[in-house]
Amino acid sequence: RSTAYQYENIFELRQGVKAGKGKAKVSTGLPELGSIREDLFWFSSSLVFDTLNSNSLPTEGAFVNISVDTYRKEIGNDENYAVAGGVARQYFTFAKRHTVFGELRAGGTSNKTPYYLFFYTGGFNTFPGFKEEELSGRYMGIAQAGYYYHVLDLPAFFGKSAYLGGWANAGNTWETYRDFREFDLLYSGTFGLALDTRIGPVYLVMSKANRRRPIVYVGVGNDF
């Protein structure tokens, strides 16, 4: 169950109690982690602020999503621990065709949090240039800065606009907060073409990360 306060389509604050099942099995890595199958019970709080002018390829506005999940024995969970994380994005357009944007993604967990609730990043949506969920840890921080140029308007039956641009990412995941070090950051760069179509964004981009081969992403829709 949950309760929510919403202001128009801009702001939402939601709180509630949730239940679910945790399942995990280690196929590679440390065998002592074993497999996990357990019931989960937690208090969930989230805040969303959204003024973006588009859900596919924004050119103006801000987006913030912060969540805190507190797992407690008092409501049936096996242990007490917490997971908190969030993402913030901002877009600015100048001279009609030039858009700059930035994103900050961060999160952390408490000591007894099971490994399947750690932060797993990598892939186009979180850290392009790395494989899907290649990076994992109790703590996570990723910064992104980018630019795209409005190349042309698409035919009305097809969509809105075509953009050419790129962005850079810097960040990592860590096992403890004491592991945070400037020289421990990983980096990637992405460049490509994006179309704002009637069926959602269409991407063709290439990313290159630290000492890794370039990865080409081709995708359609907001879930890419």
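This is a short viewer tour of a predicted model, with stops at pockets, aromatic pairs, salt bridges and one glutamate.

**Stop 1: the largest pocket**

Start by selecting Ser56, Arg89, Tyr91, Asn125 and Tyr203, the lining residues nearest the centre of the largest pocket. The whole lining runs to 33 residues, and the volume is about 710 Å³. Now colour the strands that give two or more residues to this lining: S5 (81-94), S6, S9, S10 (159-174), S11 (186-197) and S12 (200-209). Which of them gives the most? That's S10, with five residues. Colour the lining by class and you should get 17 nonpolar, twelve polar and four charged residues.

**Stop 2: a salt bridge from Arg89**

Keep arginine 89 on screen and add glutamate 103. Their side chains meet in a salt bridge, 2.6 Å from N to O. The pair links strand S6, home of glutamate 103, with strand S5, home of arginine 89, across 14 residues of sequence. Buried or exposed? Glutamate 103 is buried at 10% relative accessible area, while arginine 89 is partly exposed at 23%.

**Stop 3: the aromatic cluster**

Next, select Tyr91, Phe101, Phe124, Tyr148, Tyr163, Trp167, Tyr203 and Tyr217, which form one aromatic cluster. The count of aromatic pairs comes to twelve. Zoom in on phenylalanine 101 and tyrosine 148: the ring centres sit 5.4 Å apart with 40° between the planes, a tilted pair. Phenylalanine 101 is in strand S6 (residues 98-109) and tyrosine 148 in strand S9 (residues 139-153), so this contact ties together parts 47 residues apart in sequence. Both partners are on the buried side: phenylalanine 101 has 10% relative accessibility and tyrosine 148 has 9%.

For another geometry, go to tyrosine 115 and tyrosine 116. Their planes make an angle of 75° and their ring centres are 6.3 Å apart, so they count as edge-to-face. Tyrosine 115 is buried at 14%, and so is tyrosine 116 at 16%.

**Stop 4: glutamate 38**

Stay on Tyr116 and pick up one of its contacts, glutamate 38. You'll find glutamate 38 in strand S3 (residues 35-50), partly exposed at 21% relative accessibility. Leaving out residues up to four places away in sequence, glutamate 38 touches Gly20, Lys21, Gly22, Asp78, Tyr81, Pro114 and Tyr116. For a sense of scale, draw a C-alpha to C-alpha line to valine 220: the two are 36 Å apart in space and 182 residues apart in sequence.

**Stop 5: more salt bridges**

How many salt bridges does the whole structure have? A search finds eight. Select glutamate 79 and lysine 112, whose closest N and O atoms are 3.6 Å apart. Glutamate 79 sits in the loop between S4 and S5 and lysine 112 in the loop between S6 and S7, so the bridge ties together parts 33 residues apart in sequence. Glutamate 79 is partly exposed at 31%, whereas lysine 112 is exposed at 54%.

Then try glutamate 175 with arginine 138, bridged at 3.2 Å between the closest N and O atoms. This pair joins the S10–S11 loop to the loop between strand S8 (135-137) and S9, 37 residues apart. Arginine 138 is buried at 15%; glutamate 175 is partly exposed at 40%. Finish the stop by adding Lys73 to Glu79 and Lys112: shared partners join these three into one salt-bridge network.

**Stop 6: the second largest pocket**

Last, select Ser67, Gly85, Gly86, Phe119 and Met140, nearest the centre of the second largest pocket. Its volume is about 340 Å³, and 21 residues line the pocket. Strands S4 (61-71), S5, S6 and S7 (119-121) each give two or more of them.

Methods:
Residues are numbered from 1 along each chain as its sequence is written. This is a predicted model: local features need pLDDT of at least 70, side-chain atom pairs count only at pLDDT 80 or more; totals for chains, interfaces and linings use all residues. Side-chain values use heavy atoms; hydrogens and water are left out. Rings of Phe, Tyr and Trp (its six-membered ring) pair if their centres lie within 6.5 Å; planes under 30 degrees apart count as stacked, over 60 as edge-to-face and the rest as tilted. Helices (H or I, at least four residues) and strands (E, at least two) are DSSP runs, numbered from the N terminus. Buried means under 20% relative accessible area, exposed over 50%, partly exposed in between (1.4 Å probe, protein chains only). On a 1 Å grid over the protein atoms alone, a cavity is a set of points where a 1.4 Å probe fits but cannot get out, and a pocket is an open set with protein on both sides within 12 Å along at least five of seven lines; lining residues have an atom within 4 Å of a point. Grid points are joined across faces, edges and corners, and a volume is the space filled by probe spheres set on the points. Ala, Val, Leu, Ile, Met, Phe, Trp, Tyr, Cys and Pro count as nonpolar, Asp, Glu, Lys and Arg as charged, and the others, Gly among them, as polar. Contact means heavy atoms within 4.5 Å. A salt bridge is a side-chain nitrogen of Lys or Arg within 4 Å of a carboxyl oxygen of Asp or Glu.
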